[in-house]
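Here is a short, friendly tour of some strands and one residue. Please keep the viewer open as you read.

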Amino acid sequence: MARTLLSRVSASVAGCAASEGGGVYAVDCVDLDIDDSILTQNSAQIGGGIYVGSTDQSEVSLFLNDSTLSGNEATTGGGLWIGASWSSILDTVISGNMAESGGGIAISGGVYIYSSSGADTEISANMAESGGGAWLETDAWLYVDTVNWG
């Protein structure tokens, strides 16, 4: 099966709503690359700003770089819901998002969060009943290196 690469550079997605992925919805056979983008004031049941995952257990990846996710709302994953097998978040601000579980990020796969210069990645002021910054499902993993958790 051919892989699909979705790349959006310098985009702004605001005020959108859906049942999954209020701002961006990417599922099955997708390598999603979001760079220098703003996703704000989006809403969904799952993944207010971004929903990325797989329904058929295929390898799916997300690379989120130099972007901002703010003011998004969802039941699960206010900023984003990651069901990808591998994800990377670099130099990105995830702030002011709301959900019942995972105000900033809800993780069902694996995520590596880091900063290139020491303090450029920030996860702060997200609100949730469980996991204000990040919420992990069973068997999910999160590796954090040099991140400002506010």
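What follows covers an open sheet, a few strand pairs and the surroundings of one isoleucine, I94.

This is a predicted model, where local features need pLDDT of at least 70 and side-chain atom pairs count only at pLDDT 80 or more, while totals for chains, interfaces and linings use all residues. Residues are numbered from 1 along each chain as its sequence is written, and side-chain values use heavy atoms, with hydrogens and water left out.

Let us begin with the sheet. Its 6 strands follow the order β2-β5-β9-β13-β17-β21, with parallel pairing, and the sheet is open. Because β2 (12-14) and β21 (148-149) each have a single partner strand, they stand at the edges, and one side of each lacks a neighbour in the sheet. Strands here are DSSP runs (E, at least two residues), numbered from the N terminus, and two of them pair if DSSP finds at least two bridges between them.

Some parallel pairs, with their bridges:

| Strand | Partner | Bridges |
|---|---|---|
| β13 (residues 93-95) | β17 (residues 122-124) | 3 bridges |
| β4 (residues 30-35) | β8 | 5 bridges |
| β8 | β12 (residues 86-90) | 5 bridges |

Within these pairs, V93 stands opposite E122 in β17, D35 has N65 of β8 as its bridge partner, and L62 is matched with S87 in β12. Strand β8 (residues 61-65) is mostly covered, with 4 of its 5 residues buried (under 20% relative accessible area, 1.4 Å probe, protein chains only).

Now for I94, which lies in strand β13. I94 counts as buried because its relative accessibility is 1%. Beyond its neighbours within four places in sequence, I94 is in contact (heavy atoms within 4.5 Å) with residues including L69, L80, I89 and I123. The C-alpha atoms of I94 and S70 are separated by 6.0 Å, although the two residues are 24 residues apart along the chain.

How values were computed:
Buried means under 20% relative accessible area, exposed over 50%, partly exposed in between (1.4 Å probe, protein chains only).
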